[in-house]
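Here are a few exercises to work through with the structure open beside you. Try each task on your own first, then check the worked solution.

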Amino acid sequence: MDIMINTSLGFSILAMILYIFYYLKNFEFLKKISLYFLIFSWFVTLVYLVVFAFKLTRIPLSNQYESVLILGIFMFAINLYYYLKNNRKIEILIPSFFLSPLIFSILNILEPSFRPLMPALRSNWLFFHVITAMLSYSFFIIAGILGFVKLFEKDNENHYLLLKMTKIGFFMLTLGIITGAIWAESAWGRYWSWDPKETWSLITWFYYAFILHMFKKISKKNFYIMLFIGIFFIIFTYFGVNYLLGGLHSYV
Amino acid sequence: MNKFVILFSDIKIFVVSSIFIIILLIYDTIFNKGRSVVSSWYFLFFICLLFLNILFCSIKKIIQNQKMPFYFYLIHIGVLVVIIGFVLSGIFKIEGEMFLKKDDESNIIYSVDGEMYRIPYRIKLEDFQIEYYKNPFPILVGENKEYNVVEGKTFEYKGVIYKIERFLNDFVMDEKGNFINRTEFFNNPAVMISYFKDNKKEKIWLFEGRSAHRQQLSDLKLKIKDLDIKNFTSTIRIIYKGNEKMAKVSVNMPYKFLDYKIYQTGYDPVEGKSSILTIKKDNYSIITLIGFILIGIGVVLWIL
């Protein structure tokens, strides 16, 4: 199992290095090779996910390792979709080139657990709640990194592409919060407990609601900066809360 | 147009209230060590401000005859309904915990603040069961070796013959000095093993997760395998006006009787068969749910 993640890590690092070389030297052939390496690394990860799910006899969604795996696959799939939809501009894949080695490194550090679901997680809501949350994080992170990239570009096209990603991310986050609240009501008897994860999800929701309301009133540059700052809200909600604040969600 | 509507529908109100709500929540989760700010007057003030802003913004759109998409109203009214639901639940909800040992019965619950409430019926804990994914069993783990703990079994480890004399899953010493099981749960597993040293029979107790008594004699460790809990369930008897009703409550599977919902929220294995039930009466939670549904439908229409 480890060899698959290590293979993905190796190929994603190679893909990133080749992309950097392509960017600096403009060697056209490096562009294709880096893309193939990147796709291969995620293909291996997808196979790993299937094997892992078979070993677990369930969809891996119940702890940090499993959610990082799902998050990575979602991020790449979303990024690849927008790459294919936008005239195959390789720049759109920058988030994947730079995040993939990071995600595979995290998967290397975290230990997979083959333990079955704890009682509180044995609910149909788990699937909808985690999937929508991970999709929202994926859209926001990709939009944030592309926003950061746009800050250094002269032409500011794809402005609306990032808005669309933000909208879908917000849509998913809203559904993630709602499904989580309804699940919490059936498990603990209350929709909201002001648990740190819930509170930070709400903070993130407010932040992106703020961006969407201010979109027409702020400059493109400020929009990109706000999207980039949004990544920190996502990272804190996803990782920071678990390691620094604990609470009911400390296992994910 | 009414000045009040113009004032409260201003986008600046939204900006200010959103920023302050975000700052207060960040402060609350990271820096605040005292009472949560979410129950403070200033947090409620900004929530009210946001509420009025969303309300009057929607009213303004209607007054000005601005054709807004249907989802706009669904999402914004949904947020208002959720806030109303939360406020009403916060004021009128009765919620508390009931701790019951097997055969105990009670009609008293205690809220988080320590307030006591009486519910209109009594609940008796008939039984409490922990369901495991597999059958947990004890093993002795040495260097690259595992031995199932079966009373009377002998095995050789590092040239020494050991015999498993006794196993207790919840080791305690009673008043007479006898070693007994306090509960049926694996709270304090211990195994007694015997071996010969200098032609003299020695006996030691090995405890799970603790350094063994006379550790220098053995590096064997006691572990419990397959201890993953699948579910825990309380079998309760509800006694109401002379009538009795049996019910089961487990995690994620609450039971409703009259206006009260009974949730299986915890247990205390140290106390043996004992259950922690959360009991709630909240006639306004439906409002919050309606708000969530409105927002949910709204965001789906919005994204389409």
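**Exercise 1. A charged pair across the two chains**

Task: Find the residue of chain A that forms a salt bridge with Asp228(B), and say how far apart the closest N and O atoms are.

Solution: Keep in mind that this is a predicted model.
- Start at Asp228(B) and look across to chain A: the salt-bridge partner is Arg115(A).
- Now take the closest N and O atoms of this pair, which are 2.7 Å apart. The cut-off is 4 Å, so the pair qualifies.
- Then put the pair in context: the count between chain A and chain B is 4 salt bridges.

**Exercise 2. Sizing up the interface**

Task: Describe the interface of chain A and chain B by residues in contact, by buried area and by polar contacts.

Solution: Take it one step at a time.
- On the chain A side, 44 residues are in contact with 46 residues of chain B.
- The two chains bury about 3700 Å² between them, and carbon and sulfur atoms give 74% of that area.
- Within chain A, the residues that lose the most area to chain B are Pro119(A), Tyr191(A) and Phe206(A), which together make up 17% of what that side buries.
- For polar contacts, the rule finds 14 residue pairs across the interface, with both residues at pLDDT 80 or more.
- Next, ask which elements of chain A give two or more residues to the side touching chain B: these are α6 (159-188), α7 (196-214) and α8 (220-245).
- Of these, α6(A) brings the largest share, 14 residues.
- Finally, sort that side of chain A by residue type: 32 nonpolar, 6 polar and 6 charged.

**Exercise 3. The overall build of chain A**

Task: Work out what chain A is made of, and whether its radius of gyration is close to or far from what the globule rule gives.

Solution: Begin with the secondary structure.
- Chain A has 8 helices and 0 strands, and the pattern along the sequence reads α-α-α-α-α-α-α-α.
- The radius of gyration is 19 Å, and the globule rule gives 18 Å for 252 residues; these are close, so chain A is as compact as a globular protein of that length.
- For the outer dimensions, the C-alpha trace spans about 60 × 50 × 30 Å along its principal axes.
- Buried residues account for 61% of the 252 residues in chain A.
- Among contacts between residues at least 6 apart in sequence, 76% join residues at least 24 apart.

**Exercise 4. Buried or exposed?**

Task: Take the salt bridges Arg58(A)–Glu66(A), Glu146(B)–Lys225(B) and Glu244(B)–Arg237(B), and classify each partner by its relative accessibility.

Solution: Under 20% is buried, over 50% is exposed, and anything in between is partly exposed.
- Arg58(A) and Glu66(A) meet at 3.0 Å, N to O. Arg58(A) has 15% relative accessibility, so it counts as buried, and Glu66(A), at 0%, is buried as well.
- Glu146(B) and Lys225(B) have their closest N and O atoms 3.4 Å apart. Glu146(B) sits in strand β5 and Lys225(B) in strand β12 of chain B, 79 residues apart. Glu146(B) is partly exposed at 47%, and Lys225(B) is partly exposed at 33%.
- Glu244(B) and Arg237(B) come to 2.8 Å. Glu244(B) is exposed at 51%, while Arg237(B) is partly exposed at 23%.
- One last step: Glu244(B) and Arg237(B) belong to a network of salt bridges that also links Lys124(B) and Glu126(B).

Definitions and conventions. Residues numbered from 1 in each chain as written. Chains lettered and ligands numbered in written order. Predicted model: local features only at pLDDT ≥ 70, side-chain atom pairs only at ≥ 80, totals over all residues. Heavy atoms only, no water. Contact = heavy atoms within 4.5 Å. Buried area = accessible area lost by both parts, 1.4 Å probe. Salt bridge = Lys/Arg side-chain N within 4 Å of Asp/Glu carboxyl O. Polar contact = N/O pair within 3.5 Å; in protein donor to acceptor, adjacent residues only side chain to side chain. Helix = DSSP H or I, 4+ residues; strand = E, 2+ residues; numbered from the N terminus. Nonpolar A, V, L, I, M, F, W, Y, C, P; charged D, E, K, R; others polar. Rg over C-alpha atoms; globule rule 2.2 N^0.38 Å. Buried < 20%, exposed > 50% of the residue type's maximum accessible area, 1.4 Å probe, protein only.
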